[in-house]
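This report covers two topics: an enclosed space and a helix pair. Please keep the sequence and the structure in view while reading.

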Amino acid sequence: MNGKTYENEILYHYTDFQALDGILHDARLRVNNVLNMNDAAEMRYFMNRLCDAVAGRLEDEGDLRKAAQVKELFKEALKREFYHPAYAACFSLHRDDAAQWERYGNRGRGVCVAFQGKYLQKMAQGALSLQTVFYQEDMSTHNLTGVFYRLVKRNEELSAESPDIQKALNYAWSCSAAFKHPSFLSEKEVRLVVSPAVRYYFDIRPCYHISRERIKKYYPLELDSMCRKIGIGWEELVPEIIIGPESTQSQPILQDYLRDNGLDGLAERVSMSNCPLRRSPA
């Protein structure tokens, strides 16, 4: 959806061993509510900044009437769509990275599962999209600014009911789910996103994780069937599994786990982290 190709990229998913069991034993990858992972204000901030960029371009041309129409269009879109959250699974382009281990890999005690980007991209169809997270605050150069500008110039009146404008708004909401503050730029994050605007057409039933403290909603992606659909074997999707730098997990036991679950090929791809992450004792 964002025009980038991941043909030569490996995407790294830092997680804990419970999640690893779900990914490997059940061949399922969860897409979780973005609002549980990130500040809810960032999706709204993205849309507001996009609105400002489009309206500002029109105002610079002296077209104040259409600039006002753009502001009204986004105002109404925010009212209708903001409370329909997106769902995502998160990856990084960084392999065996200290910050990723600390933030997402159970403080270095977890595991990192590598995925072939080219296959994830082929799987990202319909309601799913694979997107590079956008960190830039100035939206004037974002491709969506040009998309909305051209739509505005082409249409005398703007209506959210117009198929072209609705499509652009859906695209914008999907992109907003892959936006973070520029201070996170070093993460080089990529997200597999279920857009808030099209998730009602998603043919996967939601599931709920119940803990002592709260209930979380998520969608399980069936990786085995998704692999078959694009013509690859399940083990081709995962080129490497890295045990965290502070994990007590035995490499041979993890390899036995993989073999006993019929994943012999993956057992040969397990390695130990070389990251010198050493947190201070509590």
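## The cavity

In this predicted model, one cavity of 30 Å³ or more is found. The volume of the largest cavity is about 40 Å³. Two elements each give two or more residues to its lining: α4 (64-81) and α7 (143-154).

## What lines it

Which residues line the largest cavity? They are V54, V70, L73, F74, F148, L151, V152, L158 and I165. The chemistry is uniform at the level of class: nine lining residues are nonpolar, none is polar and none is charged.

## Helices α1 and α10

A pair of packed helices is described by two quantities, the angle between the axes and the distance between them. Here the pair is α1 (residues 17-24) and α10 (residues 251-260). Their axes come within 11 Å. The crossing angle is roughly 25°. Angles under 35 degrees count as roughly parallel, so α1 runs roughly parallel to α10. The crossing of α1 past α10 is right-handed.

## The contact between them

Which residues of α1 and α10 meet? From α1 come L20, D21 and L24. From α10 come L254, Y257 and L258.

How do the residues of this contact divide into nonpolar, polar and charged? Five are nonpolar, none is polar and one is charged. The charged one is D21 of α1, as Asp counts as charged. Y257 of α10 falls on the nonpolar side, as Tyr counts as nonpolar.

How values were computed:
Residues numbered from 1 in each chain as written. Predicted model: local features only at pLDDT ≥ 70, side-chain atom pairs only at ≥ 80, totals over all residues. Heavy atoms only, no water. 1 Å grid on protein atoms, 1.4 Å probe; cavity = no way out; pocket = protein on both sides within 12 Å on 5 of 7 lines; lining within 4 Å. Points joined across faces, edges and corners; volume = space filled by probe spheres on them. Helix = DSSP H or I, 4+ residues; strand = E, 2+ residues; numbered from the N terminus. Axes fitted to C-alpha atoms, helices over the stretch in contact; angles between N-to-C directions. Parallel < 35°, antiparallel > 145°, perpendicular 65-115°, else oblique. Left-handed = near helix turned anticlockwise from the far one by under 90°. Contact = heavy atoms within 4.5 Å.
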